[in-house]
Structures are given as C-alpha cells and as structure tokens.
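Please load the model and keep the selection panel to hand. The stops below go from strands to core, cavity and a last single residue.

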Amino acid sequence: MQKEFHLVGRRIARTGKRVIVITLGALLLTQTAGELLPRQWNVLSIEQAAAASSLKQVQQSIITSGAKRIDYTFTTKRGSANVQTAVHVIEVDLSNPNVALNAMSGKGNSIAQKNNIMNMVKENKAVAGINGDIFVMANDGAPLGAQVTSGMLLSSPSRQKGMYAIAITKDRKPVIDSYTFEGMVTTDTGFTFPLEGVNQSAYYPEVEGITYSHVDVMYMYTSAWGGAQRPSNSATKPTEVLVIDGIIEKISYETPLADAIPENGYILRTSGKAAKFVRDNLKIGQAITSEYALKSNTTGKAVDPSSFEMLMGGHTLLVDQGAPSAFSRDISGVSGSSYTSRSAIGYSKDGTKVYMITSERKNGNTGLSLKELQQAMVELGVYKGINLDGGGSTTMIDRPLGSFNVQLSHPTQENSMRSVANGIGVFSLAPQGKLKAMLVSGDNMMLVGQNAKFNVSGYDTYYNPVAMDQVDVVWSSEKAIGTLNGNEFTATKIGQTHIIATAGDVSVKYKVDVVGSDQIKSMKINAGSALLVPGATFNAPVSVTLKNGKSYTLNTSALEWEFVGFEGSYKDGQVTVHSIEPNTQIGYAIARYDGYGAMIPLAKSESADMLEDFEVSRYAITSQVAPADTTKGSVKLVTDLPEQKSGRALQISYDFTNSTGTKASYAVFGKSGGITLPGTPGAMTMDVYSDNSRNWMRAEIVDADGKINYVDIAKELNWSGWKNVRMNLPSGMKYPVKLKRVYVVQLDEAGSNKAAAGAVAIDNIRVLTTAEVANPQNAKIEMQVGNSTAKVNGKSLKLETAPLLQKGTTYVPVRFVSEAMGSEIVYEHKTRRVTVLRGKQMLEMNIGQKEYTLNGVRYQSEVAPFTQNGRTLIPIRLFSEQLGFKVEYEPTNKKITIE
C-alpha cells in the first residue's frame, strides 16, 4: 500500500514542485456504459473491412537521441475500393538513457483542466507527444483510466471493464495491463474506511448494484485537482475533510469546503455511508493516514504506483504477443467499426521500443477501423498494444530536427486541435553536445534579380537543437551565378549552385536553382491601362507563376522589353512612350524573362470624366492631422486664389511648427471611406495650387478589398501657383476604388528646407480611362490544300507556299494569314520564335516545339509548327481557334475558309 501523505512529502522534497493529480471525466449521465465515451468523433459508419493490407514507409526523421518519427502509408481494400490512410509513428528506444516517456496533464498540469497536446508539450518542455486516455467531453474532462506521472499516482482507474493501460517501470521496462484501485483511510484510533479513488469525476461504474460512482463512498482530492467542483454532477451532497500534514484541520458537513487544497494536504470527499463514518469517527486535530495501491487484474497482485515512472490509461487491448487480440471491451463507444482518426501505443517483443501511433482522416486519408489499426500495429512490429482516445482527439506533436519549436505532425480531423484530458510526452535527458550538423532553409528556386535570405539551424551529437546565433557561420557559393552578402543571395544569371554554410569543421550544402523560362507556367504584366501617346507613362510590374505553383514579382533588371508600333523605354518599373510609328493604331509592350513573354496593348485614346470640381457640395469634406496633439490644419472651399479659373477650389492648410516625426494634414472625402471613381481608370489628373513649400503631396486610393494604395501627386511641391498634374494609379487594384484622402506630408528629416506652415489647393479632379483595345475586323480567307492561290475578301492573292495536309493536320502559312487578319507578326531568328499580335491577344510559338503561349500562359499542342521552303507553317486550328477565328474545312475539295 502507498501512503499518500508520505509520498507527497517525498515528492515535494525531491522536486520542489507541487503535487500533480489528474481526475476522471464526469460520467453522471443517463447513457449505458458503452455510451460513456466521446460522442463527438466525426466518423463515417461503414461495414467492417477485412482485406489484405500493406504498410509502406514514406519517410523518417530524428526527433532526439532515442526517438524518431516515421511516416507510413497504410493501404487496404474495402469492398471493391482501394483506400489508403497516413499512419504516423514516434518510435522511442527505451535502451537509450537520453530519452524518456512521461504522462502529461491539462492546463497548468492540473486535473479536470483540459488542454490540447501542443500546449501540454510546450508547458512540459517535451520534444514530442500524442494524446492519451479516453475522457467524457461534457464533464470535468478528466481521464477514465489511471495516470502516473514521475512515479506518482495522479488519478485512479474507474470501475470500467476491460480498460487497459501502458506503464514504464522505474527500470525502463514497458508494461501493458488492466488495473483496479484499492485504498484505505485509517484513524489514530484504528477505525478504517475504504478509499474509492483519487481525483476522479462522477461516472457510472460497470459494477452490479452500484449506480453512481460517488454515493456512499470516500474519494481523495489533492492540490492538483483543477475542477470547479469535486466533482460536478455527482448527485450527492458532500461531507468533506481537510487533512494537512496528516492532521484533520477542517470538516464540512453536506457542504463543500471553500478552502484551496494545499500541496501538503488533501480533501476526503464523502457521502452517505462514508459521510456517516466521518461524523462518527473523525474530529478536528485528529491524526489520519491514507494508503492505496493499484491491483493487476492479470495477476491479482497489488502494484505500488511508485514502481512506475509513468502510466497512462487507455481503452481496449489491440495487440497481444504480436498478433491482433480479441477486444477486451465493447468497441461501439469508440466507433470501432467505423473509419476515423486513431491513436494507439504499444511496445516491441524485446521491450526496448515503444511505438506511439496515430492515423489520419483528413485530406484524402480515410482513417482506420480498430481491426485495421490492429493490422497496422502488427506490421509495425508491436508485440502488445492498446487503443487510446481517437477521432477529433487524435493529435501528434514533434520537434523538427534542428528546431527549438514543436509542430503539429499532421492535420487533425477537426479544424483545430481538441483540448483533451492528458497525453504522453517524449523527453530528452541528454546533456548539451557539440555541433554535429546544420540545416539550411530558404528559397531553393529563384529568378534572375531576386534576393533570397538563408537561415541555418543546427543540432548537436544528441540531435538536440543548437542556438546558432551563438555560432560564427561563414557563407559561400559554389558557382558565380549570383552575389552573396552574408546569408543574402542575389541571383544574377540562370543556372544551379550550392550555397554553403560553414561553422568550424561543420558545413552544409544547399542546392539553389536560378530558373529559366522552361520553369514558367504563366507571366503577366499587371498594368491597369496604357495610353499610346508620346510622353505617356504607366506602371508595369511583371509577375510570373512557376510550374511548382509559386508566384513572384520579377525584378526589373531581369526583364528585357520589346515595343511594337512605337519607340519606348522601361525604367524603374515604368514604361514611357517616346514616339509612335506611322499608321499605328495599337501599340504593344512585351516584357520577356529568358525569352518568355507577356504583353500589354496600348490604345491611342482615353476618356476623361470629371470626378469633383467642388462647385456643388454633395458630401462632407473634413480635416485630419497627424500627430493629432501637435499638428494644426484645416480644409475649406475658397474662391479667391490667384489665377483661380473656377468658382471654388479645396484649400488644405497645414502648420507643422510644433510637431516632430512624420506629420501630415489631410482632406478627408465623405464619411463612408471616400468617393467612388467611375469605371476602371488607370490615371487621374487634378489642378494643384502649390505654395512652393517643397513638401510631399499624396492621395490615398482604397480598392474593393479595402487595401490602401498610395499615389504621389507631387513628390515635391516645388512651384508656385496652379499646375495640372497627372497621376498613374497603381496596377493590380480591385475595382471599384475610392479616393479617400488628399494630404500634405513632411517627413522627419534633419536639415530640411521644407516650409513648416502653408496652404495648397486642388480643383478639377478627373479620372482617365484608356479606351478599350478592339480586335481588327475579320477578313474572309479562302485557301485550298496544295494550291498557292488564295482569296482575301474575294480578292485573289498569290501565296509563297501553299497550305498542306500532313498526318491529318492542316497547316497554313502563318504570315499570310496573320497579316490578312490585321495582325502583327514578329519572327525571332535565334530561337525561331513566332509572335502573333492581334488586339488584346499575343500568341507565341517556336518552330519544332509543341508548347505555345497565349497571353503569357503556357499550353501544349498536339503538333508543332515547321518550315518549308523558308516559310513557317502552323496548325490552322491552333492558330485560328486561339485567336477567335472561325474555321471551316471541306474535305471533298480540301477548301479552307477562315473568317
């Protein structure tokens, strides 16, 4: 028997920590015993599967010395369907003295304070863990089975049939058995009364003649009990006895004690016959002892809980002597025949390995029935194993190699981690070792002009993390395809290299690809609109999506630009139109990365719509300033500014004299987030009255997603009087957009020559929308296979090469058809690239290649263009259908009509 008082005293003296005890879930419900288990598992009811299965290892990683994570795929056949689910295992080597297992409890390591496994692992400084015992979600949230943590019994087993537990003995041997609880309270006068349990919730015992767990019996509750009551839903009025250092300090009849339980004491909670024993035999100041033990249902012998380092209760026995066992209790309460997430634990035949097991039901993983779980455990090498809580409770946590942080090993069945009663933690006992190896992280696929910052983590000889900020790391690159500044790499040319991190005699290589056009899936110029007039400018950020799904904004230095129909330039993210070629109606700006292209068309006209002339007051315009306590400012409508042509203008005054830092004076438009700009404008103009203050003037545009975009009206107000100013709006905005604020701002700059006070004005705000780029009018082209004469709108023309039919595909001369349809065609000799430009579309093909791009997106064709007699022929349907033409073919006379 174990004396509670003396055990507590030893524990406090050894660890200096409070006693921790875990309680059982409240079971005072109206269900049968089989229904007392979690009922909120998200399961799919199906017939029992019985088919050949296989377990295939996918990957493994070391967690710490003596523990590793191994991931498997379990495949089986259910009916006519082949299904699979992911199975995850944390394998712990008990023969390794650097690792240990222990039981973990709820919030603050308290009983009846549920917590998720991630938090338990963090609070206990474990390196890995899985969820533990069955519990009843509706009550106190304590485990149904026993729990021993660091040699202390924290909760006793409930009287439930066939419930098994796993334990690790002090000499590091695994044990799986079924246990009951025996205890006795003895007074100094020799009177005794049975102790029913320690820190348990109310439940329905599976014992004939006993209905409620807490009627006529005595329970012990310690300072580790975290529940609001002792316990809830007990159907009794408690008589309680507070014992401190083995002496009765207080007795409360039929009312719970309000006192907190001290670490060196406990409360005896009684009712009925047990309460009568208290009235008849106990009094304040009396000495009392409490003793208890576990009893093996296999051997019938008493077991001292302190002989275990840890013990965790579970559910049915699953594996015995390396084979599936008969279920030790009814499995309907855990949906045993349904496919759901599962948790289990077992050990190897030689007793040196413990397997902590979870299976998924998420993202295509079907989950397992208990019979399938048995099969998987046998294939893993489990000699004896038990079922743990499952469904939404199934959770595995592990620490990646080299990291100080733990992670969720796989998705849980629900959208968040469920709070559970307890868990099993993996702990590293190893000392700090020397740096063994390093790991590098960062982008391993880049584009020319991009920057990547690499980070390094390390682990020691015991596979525990090393703080690399205390280690001198030298960075280098194998090949000169970029520049390194410390751990920051800038790609300058396409190719492959290894980034090398070195610390003393430890180094690691990290492969980096600076990719070319062959890895691009799509490319886009994200410009709102573009105007084809001399002097026009527009922002032209370019983004790409790679075949691996990642998207990037390209660095301007990585791009080459082509301009069709006009002379232009590209600088600092902007395209500028210099001059227009004669007879050009549509211009094309083409951006290329390693030859891969994207295009934006430029129209020759745009519409201007008046947004605000301030002649009529339609909404409130208010003033804001920043910092609010020191900056002065105002807004007002004025009529008397020099050379003011309109009736009214909006004046914005500011006084930054007493302000520090960045300061601003705002004109705020409307009370609902601004005034809406009509259509999808790409630019704005406004008349600006400047005070030559050299301050900065800006506007805020809010798009449909609520994102604020900042537009420079004037980077420096360096003129006096009126001036019409054009502002290009940011590309990529989601329309409709609103003008929220216009403001004058001054940054905190030493020695600034900017005026501290003044006033500016704005008037005649217009929005500019580029005209829609239209496709040229279609012509009617008539050709015949093998005939070098064609008709365009009825007019006969001579072809330099005739259409031909080859392996069932009709080919036509690309230049003739393109120009007849009003398209631009560009041929690049070096790469043999054919570019067709028509309206808003760009089709690009390379001779001899089946891949083509349409408007910057890569596609695959069944056939490829080729040359004959120096002329390029393309598949007619690829060309015409992608550009929106209608094609008819008459097989009797081999006539081709395109219109």
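## First stop: strand E41

Select strand E41 (residues 542-546), where the side chains alternate, Val542, Val544 and Leu546 pointing to one face and being buried, while Ser543 and Thr545 point to the other and are not. Here buried means under 20% relative accessible area, exposed over 50% and partly exposed in between, with a 1.4 Å probe and protein chains only; strands (E, at least two residues) are DSSP runs numbered from the N terminus. This is a predicted model, in which local features need pLDDT of at least 70 and side-chain atom pairs count only at pLDDT 80 or more, while totals for chains, interfaces and linings use all residues. Residues are numbered from 1 along each chain as its sequence is written, and side-chain values use heavy atoms, with hydrogens and water left out.

Next, add strand E39 (residues 520-525), which runs antiparallel to E41 and is joined to it by five bridges; two strands pair if DSSP finds at least two bridges between them. Met523 has Val544 of E41 as its bridge partner, and Val544 also stands opposite Tyr552 in E42. Strand E42 (residues 551-553) pairs with E41 in the antiparallel sense over three bridges, and the two form a hairpin with four residues between them, in whose turn Gly549 has a positive phi of about 95°.

## Second stop: E40, E44 and E45

Select strand E45 (residues 574-580), to which strand E40 (residues 537-539) is joined by three bridges in an antiparallel arrangement, with Thr537 opposite Thr576. Strand E44 (residues 566-571) also runs antiparallel to E45, through six bridges, and Phe566 of that pair stands opposite Ile580. In the hairpin of E44 and E45, which has two residues between the strands, look at Asp572, which takes a positive phi near 55°.

## Third stop: the nonpolar core

Which residues have the most contacts inside the largest nonpolar core? Select Phe454, Met523, Ile525, Phe538, Leu559, Trp561 and Tyr593, which hold that place in a core of 53 residues. Such a core is a set of buried Ala, Val, Leu, Ile, Met, Phe, Trp, Tyr and Cys residues joined through side-chain atoms within 4.5 Å. Strand E38 (residues 506-514) gives the most to this core, with five residues.

Centre the view on Tyr593, whose contacts (heavy atoms within 4.5 Å), not counting residues up to four places away in sequence, include Leu447, Ile494, Met523 and Leu559.

## Fourth stop: the cavity

Now select Ser529, Ala530, Phe538, Gly682 and Asn728, which, of the 17 residues lining the largest cavity, are the closest to its centre. A cavity is a set of points, on a 1 Å grid over the protein atoms alone, where a 1.4 Å probe fits but cannot get out, and lining residues have an atom within 4 Å of a point. The largest cavity has a volume of about 120 Å³, a volume being the space filled by probe spheres set on the points, which are joined across faces, edges and corners. E40 gives the most to its lining, with three residues.

## Last stop: Pro875

Finally, select Pro875 in strand E71 (residues 871-875); at 4% relative accessibility, Pro875 counts as buried. Leaving aside neighbours within four places in sequence, Pro875 is in contact with Thr809, Thr810, Tyr811, Val863 and Pro865.

Terms used
1 Å grid on protein atoms, 1.4 Å probe; cavity = no way out; pocket = protein on both sides within 12 Å on 5 of 7 lines; lining within 4 Å.
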